[in-house]
Amino acid sequence: SNQATGKLIVVNIPEFVLHLYEGKQKVFDIDVVVGKEGHNTMMFNGDMNQVVFCPYWNVPSSIVSHEILPAMEKNPSYLAKENMEITGTEDGLPVIRQRPGEKNALGRVKFLFPNSFNIYLHDTPVKSLFQKDKRAYSHGCIRLKEPEKLANYVLRSQPEWTPEKIEEAMNSGEEKFVKIKDPIP
């Protein structure tokens, strides 16, 4: 069990770093970009229990109303250009998601750890963000500089998920949910 190995993932928001521990040993660090909403220094926790390869991005309604609708008015082919689709309506707003692929805002993988803020970790398609000093960027959520490293680590006790399989899943263009056998706090 993880209690025994003491596996623990800690994201230090002011420091812009994710630390992975086994007991007192630090296994590795990964640089992160933290969204504006992650700014209010809040403590929250959850157990990382799922990896999602090639995720759809379900666009939050605030982004739909403040950014996407105005963009669609200016350019009717905006959704097609951004590889987005409307899947319905809710409270008079279109429900929009972005398909997996090059442009996807979540990149090629996301990591879920149910928590009260609905925050998750994800890849970023815009690697240049990590050059920026103020790494506080996106809309909430936490972007990882080296998501493959984390995917390989959290799935390493699942023999079918070799590094090759992980890379393949990250580039398949098809959304796939994988349960982490031993969730990590």
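1. Let's start with helix 4 of this predicted model. Which of its residues are buried? They are Pro 147, Leu 150, Ala 151, Tyr 153 and Val 154. Looking down the axis of helix 4, you will find these buried residues within an arc of 165 degrees, so they line one face of the helix. A general rule is handy here: an α-helix has 3.6 residues a turn, so residues three or four places apart point the same way.

2. Stay with Leu 150 for a moment, and ask what it touches beyond its neighbours within four places in sequence. The contacts of Leu 150 are Ile 9, Leu 18, Leu 20, Phe 28, Ile 30, Met 48, Phe 111, Leu 121 and Leu 144. Try picking out Leu 150 in the viewer and finding these partners around it.

3. Leu 150 also belongs to the largest nonpolar core, which has 31 residues. The members that touch the most others are Met 48, Phe 53, Phe 111, Leu 121, Leu 150, Val 154 and Leu 155. Several elements give two or more residues to this core: strand 2 (17-22), strand 3, strand 4, strand 8, strand 11 (142-144), helix 4, helix 5 and strand 12 (176-184). Apart from this core lies another one, of 16 residues, including Val 52, Val 59, Ile 63 and Val 64. In soluble globular proteins, nonpolar side chains tend to be buried together.

4. Now for the aromatic rings, of which the structure holds two pairs. In one of them, the ring centres of Phe 28 and Tyr 153 are 5.7 Å apart and the planes stand at 90 degrees, so this pair is edge-to-face. Phe 28 sits in strand 3 (residues 25-35) and Tyr 153 in helix 4 (residues 147-154), so the pair ties together parts that are 125 residues apart in sequence. Are these two residues buried or exposed? Both Phe 28 and Tyr 153 are buried.

5. Rings can have charged company too. The charged end of Arg 97 sits over the ring of Tyr 56, at 3.7 Å from the ring centre. Similarly, Lys 110 lies over the face of Tyr 120, 5.0 Å from the centre of that ring.

6. Helix 5 (residues 163-170) is a good one to turn around on screen. Its residues Ile 166, Ala 169 and Met 170 are buried. Seen down the helix axis, the buried residues of helix 5 fall within an arc of 100 degrees, so they line one face. What covers them? The cover includes strand 4 (48-53), strand 8 (109-112) and helix 4. On the face turned away from the buried side, helix 5 carries the exposed residues Glu 164, Glu 167 and Glu 168.

7. Glu 168 deserves its own look. This residue of helix 5 has a relative accessibility of 52%, and because the cut-off for exposed is over 50%, Glu 168 counts as exposed. Along the chain, Glu 168 and Phe 53 are 115 residues apart, yet their C-alpha atoms are separated by 9.5 Å.

8. Next, find Pro 100 in the loop between strand 7 (93-98) and strand 8. With a relative accessibility of 12%, Pro 100 counts as buried. Leaving out residues up to four places away in sequence, Pro 100 touches Cys 54, Pro 55, Tyr 56, Asn 83, Gly 173 and Glu 175. One of these partners, Glu 175, is 75 residues away from Pro 100 in sequence, with 6.9 Å between their C-alpha atoms.

9. Two backbone angles are worth checking. Most residues other than glycine have a negative phi. Phe 16, which is not a glycine, has a positive phi of about 60 degrees. Phe 16 lies in the loop between strand 1 (7-12) and strand 2, and is buried, with a relative accessible area of 10%. Asn 83 likewise has a positive phi, near 60 degrees. The place of Asn 83 is the loop between helix 3 (78-81) and strand 6 (84-90), where Asn 83 is partly exposed at a relative accessible area of 22%.

10. Finally, step back to the whole chain. How many helices and strands does the chain have? There are five helices and twelve strands. Of the 185 residues, 43% count as buried. Among the contacts with a separation of 6 or more, 59% are between residues 24 or more positions apart. The accessible surface comes to about 10,300 Å², and carbon and sulfur atoms account for 51% of it.

Definitions and conventions
Residues are numbered from 1 along each chain as its sequence is written. This is a predicted model: local features need pLDDT of at least 70, side-chain atom pairs count only at pLDDT 80 or more; totals for chains, interfaces and linings use all residues. Side-chain values use heavy atoms; hydrogens and water are left out. Helices (H or I, at least four residues) and strands (E, at least two) are DSSP runs, numbered from the N terminus. Buried means under 20% relative accessible area, exposed over 50%, partly exposed in between (1.4 Å probe, protein chains only). Contact means heavy atoms within 4.5 Å. Accessible areas come from the Shrake-Rupley method with a 1.4 Å probe; for residues, only the protein chains shown count as cover. Rings of Phe, Tyr and Trp (its six-membered ring) pair if their centres lie within 6.5 Å; planes under 30 degrees apart count as stacked, over 60 as edge-to-face and the rest as tilted. A charge sits over a ring if NZ of Lys or CZ of Arg is within 6 Å of the ring centre and within 35 degrees of the ring normal. The arc is that of the directions from the helix axis to the C-beta atoms. A nonpolar core is a set of buried Ala, Val, Leu, Ile, Met, Phe, Trp, Tyr and Cys residues joined through side-chain atoms within 4.5 Å.
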